[in-house]
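Colleague: Can you pull up the model and take me through one of its helices?
Modeller: Here it is.
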Amino acid sequence: MLERWNVVNRVLPEAELLEKGMKFAHRLAGGPTRAHAATKRIVRAYLEGGIDKADRDTPKVAASLFETEDLKGAVKSFLEEGPGNATFEGR
């Protein structure tokens, strides 16, 4: 049921969990780490003060991302090569 609600997007046999979980963690770590941190800040705002606090905090959290090299590179990559080809360095 949770899969149909998009709460989970994959279910693995226990024997594959560690290997595939670590592979996924490495992929996340190599991704847009500053964007992941921004997402965590917005989720924390929601947990602390609901939608109103998350809505108030989102503009200032997101604004800082527009100054990063990662975002500039991602936009350039998207425009030149299409989706899914950007690389991120946490800058």
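Modeller: What follows is a short look at helix α3 in this predicted model.

Colleague: Where is Asp70 found?
Modeller: Asp70 sits in helix α3, which covers residues 69-81.

Colleague: Buried or exposed? What does Asp70 count as?
Modeller: Asp70 counts as buried, because its relative accessibility is 9% and the cut-off for buried is under 20%.

Colleague: Which residues does Asp70 touch, leaving out those up to four places away in sequence?
Modeller: Thr87, Phe88, Glu89, Gly90 and Arg91.

Colleague: Back to the helix. How many residues does α3 have, and how far does it reach?
Modeller: It has 13 residues, and the distance from its first C-alpha to its last is 17 Å. The expected value at 1.5 Å a residue is 18 Å, so the two are close.

Colleague: Which residues are buried in α3?
Modeller: Asp70, Ala74 and Ser77 are buried there. They lie on the same side of α3, because they cover an arc of only 65° around the axis.

Colleague: And which exposed residues are on the face turned away from the buried side?
Modeller: That face of α3 carries Leu79 and Glu80.

Colleague: What follows α3?
Modeller: Gly82, and its phi is positive, near 90°.

Colleague: Different residue. Where is Val75?
Modeller: Val75 is also in helix α3. With a relative accessible area of 42%, Val75 is partly exposed.

Colleague: How far apart are Val75 and Leu12?
Modeller: In sequence, 63 residues; in space, 33 Å from C-alpha to C-alpha.

Note on methods. Residues numbered from 1 in each chain as written. Predicted model: local features only at pLDDT ≥ 70, side-chain atom pairs only at ≥ 80, totals over all residues. Heavy atoms only, no water. Helix = DSSP H or I, 4+ residues; strand = E, 2+ residues; numbered from the N terminus. Buried < 20%, exposed > 50% of the residue type's maximum accessible area, 1.4 Å probe, protein only. Contact = heavy atoms within 4.5 Å. Arc of directions from axis to C-beta.
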